Each structure stands twice: as structure tokens, then as C-alpha cells.
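Let's take a friendly walk through a protein model, going from single residues to helices that pack together. Keep the 3D view open as you read.

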Amino acid sequence: MAKTSVSIAVFYTLFAAFSTAINIGTQMLSIWSYKGPYAVEVSIFIGTAAGLPLRYLLEKRYIFAFKSNNIAHDGQLFVLYGFMGVFTTAIFWGVEYTFHLIFATDTMRYVGGVIGLAIGFYVKYQLDKKYVFVSGD
């Protein structure tokens, strides 16, 4: 079955929503369990790390229908995927942390996180399509 841009958008949005839930949920658990120095920064980092491997696997298979040549190639792709995520993570973290500084409430910080993730996911898709999941043919 050929993928249409609508089906790609629907699946990508579902995966992004799932990843957002994992990210924000993990942040909430982190804040709940650790209230020490840099608790917000630690929670944002942990939330980011929690969703990355799952998103890579889902997107590689269901969005880009990409098959790695071998495990080494898959590792290289994951590193490149993660590297592309550095830029989009900066967007996400910047928006979330800005909401944290402006509103100073957990709820608004999470709202900023959701907005930042949505913007970051859009940019990430464009980068991955152009630079990560490309055929060497």
C-alpha cells in the first residue's frame, strides 16, 4: 500500500503525540521524585531521552519505510537521527524553559513543552526526510 502525505501526516502526528506524552509524563515523574538543584533542567533532559529510541524505531519503519543495511548502519542512522534532534531539541527546550521563566508554574511549563515539541517535530521531520532516511542509490 502506497503511503499518501495524509497517511504519513496522521501517523507522524500520532507518534509525535505518543512521544509527547512519554516526554511530559517522564518530566512529571522526574519532578515528583527529585526536587533538588536543577530539577527542571534534569526533568527536561530525562523526558527528552525517554522518547528518542522509540521515535526513531517508529519513524524509521512506519514513516520513512527505511531498511538499514546492517546493525552498524542502523547505529550510524540513530546517531545521525540524534544529531538532527539536537537542533529541534534546542527549539523544544527553549520554548519550554521560556514558559517556565515567564509563567513560573509547572502547568504552563508543560504547555510550553507541548508547543516546543510540536514545532520541533515539524522541523525534525523535514531534517530526517532530507538528511537521515535517504537511500544511497
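Start at Val 132: setting aside neighbours within four places in sequence, this residue is in contact with Leu 77, Leu 80, Tyr 81, Met 84 and Leu 127. Contact here means heavy atoms within 4.5 Å.

A quick word on the source: this is a predicted model, in which local features need pLDDT of at least 70 and side-chain atom pairs count only at pLDDT 80 or more, while totals for chains, interfaces and linings use all residues. Residues are numbered from 1 along each chain as its sequence is written, and side-chain values use heavy atoms, with hydrogens and water left out.

**The core**

Val 132 also belongs to the largest nonpolar core, which has 25 residues. A nonpolar core is a set of buried Ala, Val, Leu, Ile, Met, Phe, Trp, Tyr and Cys residues joined through side-chain atoms within 4.5 Å. Buried means under 20% relative accessible area, exposed means over 50%, and partly exposed lies in between (1.4 Å probe, protein chains only). Which members touch the most other members of this core? They are Ile 63, Phe 64, Tyr 125, Val 132 and Phe 133. Two or more residues come from each of helix 1 (5-33), helix 2 (39-63), helix 3 (71-103) and helix 4 (106-132). Helices are DSSP runs (H or I, at least four residues), numbered from the N terminus.

**How the helices pack**

The axes of helix 2 and helix 3 come within 10 Å and cross at roughly 140 degrees, which makes helix 2 oblique to helix 3. Axes are lines fitted to C-alpha atoms, for helices over the stretch in contact, and angles run from 0 to 180 degrees between N-to-C directions. Angles under 35 degrees count as roughly parallel, over 145 as roughly antiparallel, 65 to 115 as roughly perpendicular, and the rest as oblique. Among the residues making this contact are Ile 44, Phe 45 and Tyr 56 of helix 2, and Phe 78, Trp 93 and His 100 of helix 3. By class, the contact has 12 nonpolar, three polar and six charged residues. Ala, Val, Leu, Ile, Met, Phe, Trp, Tyr, Cys and Pro count as nonpolar, Asp, Glu, Lys and Arg as charged, and the others, Gly among them, as polar.

Now look at helix 3 and helix 4. Their axes are 8 Å apart and their angle is about 155 degrees, so helix 3 and helix 4 are roughly antiparallel to each other. Their contact has 20 nonpolar, seven polar and four charged residues.

**Buried or partly exposed?**

Here are four residues to find in the view.

| Residue | Helix | Relative accessibility | Class |
|---|---|---|---|
| Met 28 | helix 1 | 43% | partly exposed |
| Phe 103 | helix 3 | 40% | partly exposed |
| Arg 109 | helix 4 | 0% | buried |
| Lys 129 | helix 4 | 42% | partly exposed |

What does Arg 109 touch, leaving aside neighbours within four places in sequence? Arg 109 is in contact with Gln 27, Ile 31, Val 40, Ser 43, Ile 44, Glu 96, Phe 99 and His 100.

Lys 129 touches Phe 64 and Val 134, not counting residues up to four places away in sequence. Lys 129 and Phe 64 are 65 residues apart along the chain, and their C-alpha atoms are separated by 7.6 Å. For Met 28 and Leu 77, 49 residues apart in sequence, the C-alpha to C-alpha distance is 30 Å.
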